[in-house]
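Let's take a walk through this structure together, starting at the ligand and working outward. Have the 3D view ready to turn as you read.

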Amino acid sequence: MKPPVLLITAGPSREPIDDVRYLSNGASGRMGLAVAQVAAEKGWQVHLALGPVDAQIPAGVIHHPFETARDLDALTAQLWPQVDAFVATAAVCDYRPQERIPGKKKKAPGDWNLQLVRNPDILENRSKDKEDENGPRILVGFALESQAGEEEARRKAVKKNLDLVLCNSPGNLGVATGDYIWIEPGQPSIDLPAISKDLLAVKLMEFIGTQVTLRRGHRASMGNDESVSQQAQS
Ligand code: CTP
């Protein structure tokens with residue numbers, strides 16, 4: 001019996017400035033870890049790409065540590081052919097220092113202007129290759145917005161070809177409970193005030209399980225692997 005495959009990105013990226021300094025953010029990876037735990041308990045094959053945070057990896061989850069956005073881009077591209085669903089919770093730095101300075105940069109008189117260049121958008125890159133022979137993969141993103149949240153989250157859902165986007169605010173970084181807006185493109189949004197990340201993970205996996213069943217069910221109806229769709233639903 002071949003279980004469905006879930007790829008999760010979680011935690012911050014870390015973009016080196018020199019050998020001792022870096023750009024990063026306060027993401028804890030909690031949301032992604034909660035989804036990984038629920039999916040593993042359901043019997044899914046779970047690949048968790050986790051940035052540099054201290055965390056207990058749930059039993060049965062395949063852990064892929066990463067540091068930079070470029071590492072994460074390469075890792076997710078490599079795993080992509082086997083993936084049925086992708087949940088992107090990682091707080092990826094959109095910019096990185098143009099070059100990594102070898103050693104530790106010394107102080108010098110005056111200011112220092114650090115030149116930043118754009119990083120890859122991992123979710124957007126993978127969404128360009130959404131379809132495989134079983135149909136479209138299921139893509140879930142998290143839109144972190146400090147203003148005009150819902151409208152901006154809907155825009156990201158279209159741009160990144162998402163089946164679901166969870167809109168949330170910077171106050172949700174690193175804490176166990178937060179306010180979210182659940183947005184499926186084309187549907188009215190649903191407010192989820194003060195929901196725990198553990199409960200949100202359960203709801204997410206119900207949604208993804210149903211969607212993957214439809215995707216894999218299509219394959220089963222084509223005379224392939226029926227057992228897969230039964231597992232996705234459980
Ligand atoms: N994401 C990603 N790679 C990036 C940036 C974001 O995979 N370089 C993913 C996040 O994991 C999240 C979604 O894209 O699921 C939206 O991330 P967010 O930071 O809210 O938005 P951005 O697309 O980066 O746009 P902006 O920073 O302008 O709000």
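Start with a nitrogen atom of the ligand: a polar backbone atom of Pro120 sits 2.9 Å from it. Keep in mind that you're looking at a predicted model. Over at Leu123, a polar backbone atom is 2.9 Å from an oxygen atom of the ligand. Lys160 joins in with its side chain instead, placing a polar atom 2.6 Å from a ligand oxygen. How much of the ligand does the protein cover? On its own the ligand has 570 Å² of accessible area, and the protein covers 79% of that.

Now zoom out a little to the shell. There are 14 residues around the ligand, and the ones that come nearest are Ala88, Ala90, Leu144, Lys156 and Lys160. So what kinds of residues make up this shell? By class, you'll find nine nonpolar residues, four charged ones and just one polar one.

Where does the ligand sit? You'll find it in the largest pocket. Two elements give two or more residues to the shell around the ligand: the helix α3, spanning 122–127, and the strand β11, spanning 138–144. Of these, β11 provides the largest share of the shell, with four residues.

Next, take in the pocket as a whole. The largest pocket holds about 960 Å³ of space. Its lining is made up of 41 residues, and the closest to the centre are Ala90, Ala91, Val92, Phe142 and Leu144. Two of those names should ring a bell: Ala90 and Leu144 are also among the residues that come nearest to the ligand.

Which elements build the lining? At least two residues each come from α1 (30–41), α3, β11, α4 (149–159) and β12 (164–168). Here again β11 supplies the largest share, four residues. Sorted by class, the lining of the largest pocket has 19 nonpolar, 12 polar and 10 charged residues.

To pull it together, trace β11 in the view one more time: this strand gives the largest share of the shell around the ligand, and the largest share of the lining of the pocket as well.

Note on methods:
Residues numbered from 1 in each chain as written. Predicted model: local features only at pLDDT ≥ 70, side-chain atom pairs only at ≥ 80, totals over all residues. Heavy atoms only, no water. Near = heavy atom within 4 Å. Polar contact = N/O pair within 3.5 Å; in protein donor to acceptor, adjacent residues only side chain to side chain. Areas by Shrake-Rupley, 256 points an atom, 1.4 Å probe, with all protein chains shown as cover. 1 Å grid on protein atoms, 1.4 Å probe; cavity = no way out; pocket = protein on both sides within 12 Å on 5 of 7 lines; lining within 4 Å. Sits in = over half its atoms within 2 Å of the grid points. Nonpolar A, V, L, I, M, F, W, Y, C, P; charged D, E, K, R; others polar. Points joined across faces, edges and corners; volume = space filled by probe spheres on them.
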